[in-house]
Amino acid sequence: MTKPPKPKPLLQDVDKSVRSRPRKPRNPAQPNLPLDPMPDRIDSCLALLKPKPPKGPQWAFEVKWDGYRLAVDIEPTGIRILTRGGHDWTHRFPAIQQAALWLPVGSAILDGEAVVLDEKGRSDFGLLQQSLGGRGGKKRSSDAIFMAFDLLYFDGHDLRNSELDMRRHLLADLVPTGEQGDIRLSEEIEADGDQLLASACEHGLEGIIAKRRDAPYRSGRLGDWLKIKCIQSDSFVIVGYERSTVARAGIGRLLLAARKGDDLVYVGGVGTGFNERSAAELREQMDKLIIGKATVDTGRKRNAVFVDPKIVAEIEYRAWTHDGKLRHASYKGLRDVQDNAIPYQPRGRPGDRG
């Protein structure tokens, strides 16, 4: 299949260029280290949402990519591409699989994001979903590329206890700066965090990521990685919808919930952001899950239909109300169940898929 034209580099007109930190060649006299067994699967390090970029030289900045979080496992026996939820999607990303086979390494685990770029070089989650056949689709994406931003295992050595700077140093040896193949390096951007965020928002990006240079790789959302978004966007569970005789597919408003421990908490509704296709897809999915009683307290709702909370939607919003509801919410798309719903933290600090 013919590849689309190469998009122009992101943030190419900012004062400081996009580049990785200078690297030193590996010392061939370094003694051999004992080999570590390759982990079967590693839970992802997740970014904690913050309203402003952090300050200080201990923080490294990258573009925030909007796609599917993946681990690319390279072994002598072959390649595995695993989702954050542990599903094997190797067959769905044949171009990334082939690119991984060409990397000059015997065994490795790369952490990164599968994305589809638009004509301006911005990651577009809608284009990625479309290339995979929509939510629940089974298509193979030839358009998706893998933006690698961490290296967790390298030729027999578990790197999770190494500092980020060391892991990035080895990653940049493996996936050189400026490569434009189906596996690319997510570049560190040397810039002030506030200026970088402003530039990212001006270019229509989702936001930026900040990472502690001296931190090991720790699974979970522990604050070693931070995300700062131009517009807040997170994943919520659909618990029902309100019928409408005039809206697309009869959906007046989706009813949403976030997780609070093992429970769900109602966070309000969303009635904008749908088109004919997305509304029809939603209605088809929800009508298979109709239940007689709401799983959360949504208050008194007229013409409400309640569904089993198994569908996860990506929602953009501006803020939270004083009583913990979403303000100015807009529907963005469906997420896989593996992405889960965010923890309930209605003061501007909710987490999302990472």
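**Pocket, cores and a covered helix in a predicted model**

The largest pocket has a volume of about 750 Å³. The structure in which this pocket was computed is a predicted model. Three elements each give two or more residues to the lining of the pocket, namely α2 (125–131), α5 (276–287) and β18 (330–335). Of these, α2 makes the greatest contribution, with five residues. In total, 30 residues line the largest pocket, and those nearest its centre are D124, F125, G126, L127 and K332. Classified by side chain, the lining comprises twelve polar, ten charged and eight nonpolar residues.

The protein chain that surrounds this pocket consists of 354 residues, of which 51% are buried. Its secondary structure amounts to 18 strands and five helices. Among contacts with a separation of 6 or more, 70% are accounted for by residues 24 or more positions apart in the protein chain. The exposed area of the protein chain is about 17,200 Å², and 49% of that area is supplied by carbon and sulfur atoms.

In soluble globular proteins, nonpolar side chains tend to be buried together. The largest nonpolar core of the model contains 33 residues, and the members that touch the most others are V72, I74, F93, L110, L151, L174 and I183. At least two residues of this core come from each of the strands β3 (68–75), β4 (78–83), β5 (108–115), β6 (145–154) and β8 (183–185), and likewise from each of the helices α1 (94–102), α2 and α3 (164–174). Helix α2 therefore takes part both in this core and in the lining of the largest pocket, where α2 gives the most residues. When residues up to four places away in sequence are set aside, I183 touches I96, A99, A100, L103, L110, F146 and V175. A second core, separate from the one that holds I183, has 25 residues, including F274, A279, V307 and W320.

Helix α3, one of the contributors to the largest core, is mostly covered, with eight of its eleven residues buried. The buried positions are L164, R167, R168, H169, L170, L171, A172 and L174. L174 is also one of the residues that touch the most other members of the largest core. The cover over the buried residues of α3 includes the strands β2 (59–63), β5, β6, β8, β9 (207–212) and β10 (225–229). Among these strands, β5, β6 and β8 each supply at least two residues of the largest core as well.

Key
Residues numbered from 1 in each chain as written. Predicted model: local features only at pLDDT ≥ 70, side-chain atom pairs only at ≥ 80, totals over all residues. Heavy atoms only, no water. Helix = DSSP H or I, 4+ residues; strand = E, 2+ residues; numbered from the N terminus. Buried < 20%, exposed > 50% of the residue type's maximum accessible area, 1.4 Å probe, protein only. Contact = heavy atoms within 4.5 Å. Areas by Shrake-Rupley, 256 points an atom, 1.4 Å probe, with all protein chains shown as cover. 1 Å grid on protein atoms, 1.4 Å probe; cavity = no way out; pocket = protein on both sides within 12 Å on 5 of 7 lines; lining within 4 Å. Points joined across faces, edges and corners; volume = space filled by probe spheres on them. Nonpolar A, V, L, I, M, F, W, Y, C, P; charged D, E, K, R; others polar. Core = buried A, V, L, I, M, F, W, Y, C linked by side-chain atoms within 4.5 Å.
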